[in-house]
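Colleague: I would like to learn how to read a model such as this one, feature by feature. Please give the general idea each time, then the case at hand.

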Amino acid sequence: GTGRKMSDEDAFEFYLRGAQHEDASAQMALGRAFYFGEGVEENDVEAVKWCELASSRGEHYADVILGECYIKGYGVPEDEERGLTLLRKAIGAGEPHGLQLLHKLGYDLEEMDATTPQNANSKVVSIHEDPITRASVLYRQTSDYLNASNPAHIKDNVLQFPSGNVQR
């Protein structure tokens with residue numbers, strides 16, 4: 001919208017021109033536009049197509065979108081392993097949206113012990129296997145946010161989770 005009326009449709013057209021000339025950031029922008037329906041109708045198949053191109057050219061935000069598509073089966077057959085691999089790649093490249101999505105989907109990162117040769121310096125994604133652990137992580141993230149904005153909330157944000165096995 002700088003210097004002109006803001007328009008997702010016009011932006012889409014400009015990105016399309018750039019993407020057709022193999023500009024990776026324009027390809028990523030098209031993938032995002034199709035994924036979120038920005039200036040164009042949502043289309044997961046097109047989102048995957050453009051994000052795959054952008055990913056192959058080093059656009060790591062495209063890996064985040066692709067990771068979610070593969071995990072949830074949007075525009076591609078569901079493939080959790082491939083999705084997690086793409087998210088790991090994005091996180092390893094410093095893409096903050098990758099870690100945010102990973103936590104939102106109920107996963108966490110664990111550093112592997114460098115003494116295990118096949119896993120040295122790699123990151124492993126593990127899912128929270130029980131709802132209590134997942135709730136605890138979500139609560140911690142929420143309370144960290146609240147406490148960062150107002151430390152007086154610390155005493156108000158106390159929640160206890162039972163230990164041991166919980167009957168469902």
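Modeller: What follows goes from the overall layout to single residues. This is a predicted model, so local features need pLDDT of at least 70, side-chain atom pairs count only at pLDDT 80 or more, and totals for chains, interfaces and linings use all residues. Residues are numbered from 1 along each chain as its sequence is written, and side-chain values use heavy atoms, with hydrogens and water left out.

Colleague: How many helices and strands does the protein have?

Modeller: Helices (H or I, at least four residues) and strands (E, at least two) are DSSP runs, numbered from the N terminus. Here there are seven helices and two strands. Their order along the sequence is α-α-α-α-α-α-β-β-α.

Colleague: What share of the residues counts as buried?

Modeller: Buried means under 20% relative accessible area, exposed over 50%, and partly exposed in between, with a 1.4 Å probe and protein chains only. Of the 168 residues, 30% are buried.

Colleague: Which residues touch the most other members of the largest nonpolar core?

Modeller: In soluble globular proteins, nonpolar side chains tend to be buried together. A nonpolar core is a set of buried Ala, Val, Leu, Ile, Met, Phe, Trp, Tyr and Cys residues joined through side-chain atoms within 4.5 Å. The largest one here has 30 residues, and M28, V64, I65, L66, C69, L87 and L102 touch the most other members. Helices α1, α2, α3 (44-56), α4, α5 (80-92) and α6 (96-104) each supply at least two residues of this core. Its largest share, eight residues, comes from α4.

Colleague: What is M28 in contact with, beyond its neighbours within four places in sequence?

Modeller: Contact means heavy atoms within 4.5 Å. With those neighbours left aside, M28 contacts A54, E59, Y61, A62 and I65. M28 sits in helix α2 and is buried because its relative accessible area is 11%. The C-alpha atoms of M28 and A62 are 5.7 Å apart, with their positions 34 residues apart in sequence. For L87, again without neighbours within four places, the contacts are D63, V64, G67, I71, G98, L101, L102 and L105.

Colleague: D63 appears in that list. Is D63 buried or exposed?

Modeller: D63 counts as buried because its relative accessibility is 0%. Its place is in helix α4 (residues 60-72). Not counting residues up to four places away in sequence, D63 touches S55, L86, L87, K89 and A90.

Colleague: How many aromatic pairs are there?

Modeller: Rings of Phe, Tyr and Trp (its six-membered ring) pair if their centres lie within 6.5 Å; planes under 30 degrees apart count as stacked, over 60 as edge-to-face and the rest as tilted. That rule gives three aromatic pairs. One of them, F12 with F34, is edge-to-face, at 5.3 Å centre to centre and 90 degrees between the planes. This pair links distant parts of the chain, with F12 in helix α1 (residues 8-20) and F34 in helix α2 (residues 24-36), 22 residues apart. Both F12 and F34 are buried. Y35 and F36 also form an edge-to-face pair, at 4.9 Å centre to centre and 85 degrees between the planes. Y35 is buried, at 8% relative accessibility, whereas F36 is partly exposed, at 39%. Together with Y74, Y35 and F36 form one aromatic cluster.

Colleague: Which residue lies over the face of Y70?

Modeller: A charge sits over a ring if NZ of Lys or CZ of Arg is within 6 Å of the ring centre and within 35 degrees of the ring normal. R82 lies over the face of Y70, 4.8 Å from the ring centre.

Colleague: Why is C69 not bonded to C51?

Modeller: A disulfide is a pair of cysteine sulfur atoms within 2.5 Å. The structure holds zero disulfides. The sulfur of C69 is not bonded to that of C51, its closest cysteine sulfur, because at 6.7 Å the two are too far for a bond. C51 is buried, with a relative accessible area of 0%, and C69 is buried at 0% relative accessibility.

Colleague: What is the phi of E22?

Modeller: Most residues other than glycine have a negative phi. E22 has a positive phi of about 65 degrees although it is not a glycine. E22 lies in the loop between α1 and α2 and counts as exposed because its relative accessibility is 53%.
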